Structure formats: structure tokens, C-alpha cells
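The following exercises invite the reader to work through one structure step by step. Each task is followed by a worked solution.

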Amino acid sequence: MEEADQVTPRPDSIPEVGEDAAASVGVTPTTLTQEEQEELRSELAKVEDEILTLSQVLAAKEKHVAEIKRKLGMSPLNEFKQNLTKSWQEVTTSVVYRRTSETLSQAGQKATAAFSSVGSAISRKLEDVRNTPTFKSFEGRVETLKTKVSPAESTGDFGEVLNSTASAAPPPEATPEVEVPPADSEEPH
């Protein structure tokens, strides 16, 4: 029972880079012998040296890659374009893209059919309105008005009647007389 009470609790957080490895696993340096501590310190120094060496090698390799790309004329912008093109090709060949494209295409076709149907329905409705007795009566009254206003003979086309009525000049008695003084006359001072 005493052993269960003396269990070392687990650390609350993950150790950060550079933290003491022995402290992160719950082992205190006092439980290690002098020889074990020296061995671990030696191994730690060796691993840190290897990390430093690998970092230097990686930096040298990255520099070498950059130089090769420069000699080949590969700029970061060209590389970006190539990556973008490759990514776009991967997207367009994906199953999700194809399904979405097909769905949108079908939706577009249905929308086109619906708009065409609505346009036809509106056309039919306007034709129905034009054939109603009320519209015929209105058309007849406009025709009568046109014959009274203009001496030209009517052809009976409603659109023509509206255009000619709209463009006809008002009768002379409807325009007020305005006196405009001559431009060369001088007013008394």
C-alpha cells in the first residue's frame, strides 16, 4: 500500500524542446549514480551535436537546391505556378469535383428550361390579354383617337398607332405663345 501512495504523478504537460529529459519522465538526478549521470550527459552532448550537424547539413542542402533551381531558371513564381497547375489538375480529376460539376450542369439545364417555360407562359398570357374584349375596346379607342389626331390612314397595327401617337406634335392651340425679344435689341438703362 505504501508503494501506491508513493507513485510519482505524471507530468501535466508535454516537455518543451530543451527541457531536462530526466525531469520530464519523473526521474530525479539524485536517484541516478554518478556514473549514470556522466553517461547520460555524454549521450546528451552527442545527440545535441548530431542535431546541430544535421541542421547544418540541411541548410547546406537547401542552399544547394536553391542554386540548382536558379541555374535551371526555376523561380519561386514559376514553381508556384506549377504547383497551382498540378493542384488544379488534381482537383478537376477528383470524384467530388466531377460530381459537383455534373450536378451544377444539370441544375443549369433545368434553370434554362424553367426560364424558357416562364418566358413562353408570359408570352401566351400577353397574347391572351391582347385578345380580350377590354383590350380590343382600348385598341379601338386608340385607333379612333389616332384618326382624329392624324390625317394619315391607319393600318390597324396597335404598336404602330402607339408609336405614331407618341411622336405626333401637339395641336397648335395647345402650345402657349411666348414672346422672345430679338437678340440685337438693347434694353434701356
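**Exercise 1.** Determine which residue forms a salt bridge with Arg41, and state how far apart the closest N and O atoms are.

*Solution.* The model is a predicted one. Step one is to find the partner: Arg41 forms a salt bridge with Glu38. Step two is the distance, which is 3.7 Å between the closest N and O atoms; the cut-off for a salt bridge is within 4 Å. Step three is the location: both Arg41 and Glu38 belong to helix H3, three residues apart, about one turn of the helix. The general rule is that an α-helix has 3.6 residues a turn, so residues three or four places apart point the same way. Step four concerns accessibility. Arg41 has a relative accessibility of 48% and therefore counts as partly exposed. Glu38, with a relative accessible area of 42%, is partly exposed.

**Exercise 2.** Establish how many salt bridges the structure contains, and describe those formed by Arg70 and by Glu79.

*Solution.* The count comes to three salt bridges. One of them joins the side chains of Arg70 and Glu67, at 2.4 Å from N to O. Arg70 and Glu67 are three residues apart in helix H3, and so about one helical turn separates them. Arg70 counts as exposed because its relative accessibility is 55%, the cut-off being over 50%. Glu67 is partly exposed, its relative accessible area being 31%.

Another salt bridge is formed by Glu79 with Lys69, whose closest N and O atoms are 2.8 Å apart. Glu79 lies in helix H4 (residues 76-92), while Lys69 lies in helix H3; the pair therefore ties together parts that are 10 residues apart in sequence. Glu79 is partly exposed at a relative accessible area of 26%. Lys69 likewise counts as partly exposed, at 24% relative accessibility.

**Exercise 3.** Check whether the end-to-end distance of helix H3 agrees or disagrees with the span expected from 1.5 Å a residue.

*Solution.* Helix H3 covers residues 34-71, which is 38 residues. The expected span is 1.5 Å times one less than the number of residues, so helix H3 should span 56 Å. The C-alpha atoms at its ends are 56 Å apart, and the two values therefore agree. Just after H3, Gly73 takes a positive phi of about 80°.

**Exercise 4.** Identify the residues that make the nonpolar surface patch of about 270 Å².

*Solution.* The patch is made by Ile68, Leu72 and Met74. Of these residues, Ile68 can be placed in helix H3. With 39% relative accessibility, Ile68 counts as partly exposed.

**Exercise 5.** Classify the aromatic pairs of the structure from the centres and planes of their rings.

*Solution.* A pair of aromatic rings is described by the distance of the centres and the angle of the planes. The structure holds two such pairs. For Trp88 and Tyr97, the ring centres are 5.9 Å apart and the planes stand at 75°, so the pair is edge-to-face; the cut-off for this class is over 60 degrees. Trp88 is exposed, with a relative accessible area of 53%, whereas Tyr97 counts as partly exposed at 32% relative accessibility.

For Phe135 and Phe138, the ring centres are 6.4 Å apart and the planes stand at 50°, so the pair is tilted. Both residues lie in helix H6 (residues 133-149), three residues apart, about one turn of the helix. Phe138 has a relative accessibility of 44% and therefore counts as partly exposed.

**Exercise 6.** Locate Arg98 and state which residues it touches, not counting those up to four places away in sequence.

*Solution.* Arg98 lies in helix H5 (residues 95-130). Under the stated exclusion, Arg98 touches Thr92 and Thr93. At a relative accessibility of 44%, Arg98 counts as partly exposed.

**Exercise 7.** Summarise the secondary structure, burial, contacts and exposed area of the chain.

*Solution.* The secondary structure comes to seven helices and zero strands. Along the sequence, the pattern reads α-α-α-α-α-α-α. Of the 189 residues in the chain, 5% are buried. Among contacts with a separation of 6 or more, 6% are between residues 24 or more positions apart. The chain exposes about 17400 Å², of which carbon and sulfur atoms supply 59%.

How values were computed. Residues are numbered from 1 along each chain as its sequence is written. This is a predicted model: local features need pLDDT of at least 70, side-chain atom pairs count only at pLDDT 80 or more; totals for chains, interfaces and linings use all residues. Side-chain values use heavy atoms; hydrogens and water are left out. Helices (H or I, at least four residues) and strands (E, at least two) are DSSP runs, numbered from the N terminus. Patches are made of residues with over 30% relative accessible area and no salt bridge: like charges are joined within 9 Å, nonpolar side chains (Val, Leu, Ile, Met, Phe, Trp, Tyr) within 5 Å. Accessible areas come from the Shrake-Rupley method with a 1.4 Å probe; for residues, only the protein chains shown count as cover. Buried means under 20% relative accessible area, exposed over 50%, partly exposed in between (1.4 Å probe, protein chains only). Rings of Phe, Tyr and Trp (its six-membered ring) pair if their centres lie within 6.5 Å; planes under 30 degrees apart count as stacked, over 60 as edge-to-face and the rest as tilted. Contact means heavy atoms within 4.5 Å.
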